[in-house]
Amino acid sequence: MKRVIGVRFRYAGKIYDFDAGELDIKKGMHVIVETSRGVEYGEVASGVKEQERPQNAKPLKEVIRIATEEDDRHEKENKEKQKEAFSICQEKIRKHGLEMKLIGCEYTFDNSKVLFYFTADGRIDFRELVKDLASVFRTRIELRQVGVRDETKILGGLGVCGRALCCHSYLSDFVPVSIKMAKEQNLSLNPVKISGVCGRLMCCLKNEEEVYEELNRNLPFTGDQVETADGFRGEVNSVNILKQLVKVVVNLPNDEKEIREYKADEIKVRNSRKKQRGKRAAEEASEEKELMKLESLEKNEKKKSKLND
């Protein structure tokens, strides 16, 4: 059994596992560890837990030491140096006339490397820039091109809700988000309303997805033919997912129609349009597969006939 801790190197960053060894480490403390980037200063995001590692798993790197006051001072100095390095790199980018946007800078704890994060529309030839920066900082230079979501995570900001962005405040990893989630939650499919600061679908659409999926199971779809508890038949006009209410255009005895509201458990679906569409789509997909098989067989037969000729 290994004594494992989770370490985070930036605010709301990804958590990495390390072997705590015999050190008495608690959540919230700072530690010095060795990573693929070099020696790093990180915060303990999850306390010590006993963990059985699979035999074929890569061995965990051990924590070098618990951060001392000297280590804390050195980390603060690095933060100040990052600001200066950022300004210098921006100046060098302008000098070389490169179409790239610098968004972040990091020093490794041991100052063995300086990392610069940037965004660009395409590939950038920054070889001359790296040489120029290396002559200034006298250390290894690494430039990393990141996407718009990573850019927003690094820079931060406020969402339409008025709160700090999810990706910058607490999300360690980006979660897959799809347009289906917006449909499940009965949201407007206007890209402006369901897109975040980064221009991609908002991460928060995932937060309540499971709840909406569960609530939608009890509701009919708009356009379904239903029968109500008071004996009327009609068509679903709209649904209120959170209140579990359904508005139905009911057919009255005098050939008139009226919109009435019912609880979800007060109606019974007689004919579901969505199920019919799904069934038809499945049939069409099956027919398409059969056609593809036939076309493939015909091609093979033609090839055989040519060979025989």
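This is a guided tour of a predicted model, moving from the whole chain to single residues and elements that can be selected in turn.

**The whole protein**

Begin with everything displayed, and colour the chain by confidence if the viewer allows it: the average pLDDT of the protein is 83, and 88% of the residues score at least 70. Now select residues 276–281, where the pLDDT is below 50 and where the model shows two contacts beyond near neighbours in sequence. Residues 302–309 also have a pLDDT below 50, and for this stretch the model shows zero contacts beyond near neighbours in sequence.

Switching to a cartoon view brings out the secondary structure, which comes to eight helices and 13 strands. Of the 309 residues, 32% count as buried, and among the contacts between residues at least 6 apart in sequence, 54% join residues at least 24 apart.

**Helices α1 and α2**

Select residues 69–96, which make up helix α1, together with residues 127–137, which make up helix α2; the axes of the two come within 10 Å and cross at roughly 140 degrees. That angle makes α1 oblique to α2, and the crossing is right-handed. To see where the helices meet, show the side chains of the contact, which on α1 include Ala-85, Ile-88 and Cys-89, and on α2 include Leu-129, Leu-133 and Phe-137.

**Phe-116 in strand β7**

Keep those side chains on screen and move to Phe-116, which lies in strand β7, residues 113–119. Is Phe-116 buried or exposed? With a relative accessible area of 0%, Phe-116 is buried. Leaving out residues up to four places away in sequence, Phe-116 touches a set of residues that includes Ala-85, Cys-89, Leu-133 and Phe-137, and also Leu-102, Gly-104 and Cys-105. If you add Phe-86 to the selection, the C-alpha to C-alpha distance from Phe-116 is 7.9 Å, although the two are 30 residues apart in sequence.

**Helix α3**

Next select residues 148–155, helix α3, in which Glu-151, Thr-152 and Lys-153 are buried. What do the buried residues of α3 pack against? Their partners are β6 (101–107), β7 and α4 (166–169). Following α3 along the chain brings you to Gly-156, whose phi is positive, near 75 degrees.

**Gln-185 in a loop**

Continue to Gln-185, whose place is in the loop between α5 (179–184) and α6 (191–194). At 10% relative accessibility, Gln-185 counts as buried. To find what surrounds this residue, display Leu-205, Glu-208, Glu-209, Tyr-212 and Ile-241, with which Gln-185 is in contact once neighbours within four places in sequence are left aside.

**The five-stranded sheet**

The last stop is an open sheet of five strands, which can be followed in the order β12-β11-β10-β9-β13 and in which the pairing is antiparallel. At its edges stand β12 (257–263) and β13 (267–271), and each has a single partner strand, so one side of each is left without a neighbour in the sheet. Turning the sheet in the viewer lets you follow its twist, which averages 45 degrees from one strand to the next.

Within this sheet, select residues 225–228 for β9 and residues 233–240 for β10, two strands that pair in the antiparallel sense over three bridges. Finish by showing Glu-227, which stands opposite Arg-233 in β10.

Key. Residues are numbered from 1 along each chain as its sequence is written. This is a predicted model: local features need pLDDT of at least 70, side-chain atom pairs count only at pLDDT 80 or more; totals for chains, interfaces and linings use all residues. Side-chain values use heavy atoms; hydrogens and water are left out. pLDDT is the predictor's confidence in each residue, from 0 to 100. Contact means heavy atoms within 4.5 Å. Helices (H or I, at least four residues) and strands (E, at least two) are DSSP runs, numbered from the N terminus. Buried means under 20% relative accessible area, exposed over 50%, partly exposed in between (1.4 Å probe, protein chains only). Two strands pair if DSSP finds at least two bridges between them. Axes are lines fitted to C-alpha atoms, for helices over the stretch in contact, and angles run from 0 to 180 degrees between N-to-C directions. Angles under 35 degrees count as roughly parallel, over 145 as roughly antiparallel, 65 to 115 as roughly perpendicular and the rest as oblique. A crossing is left-handed if the near helix is turned anticlockwise from the far one by less than a right angle, and right-handed if clockwise.
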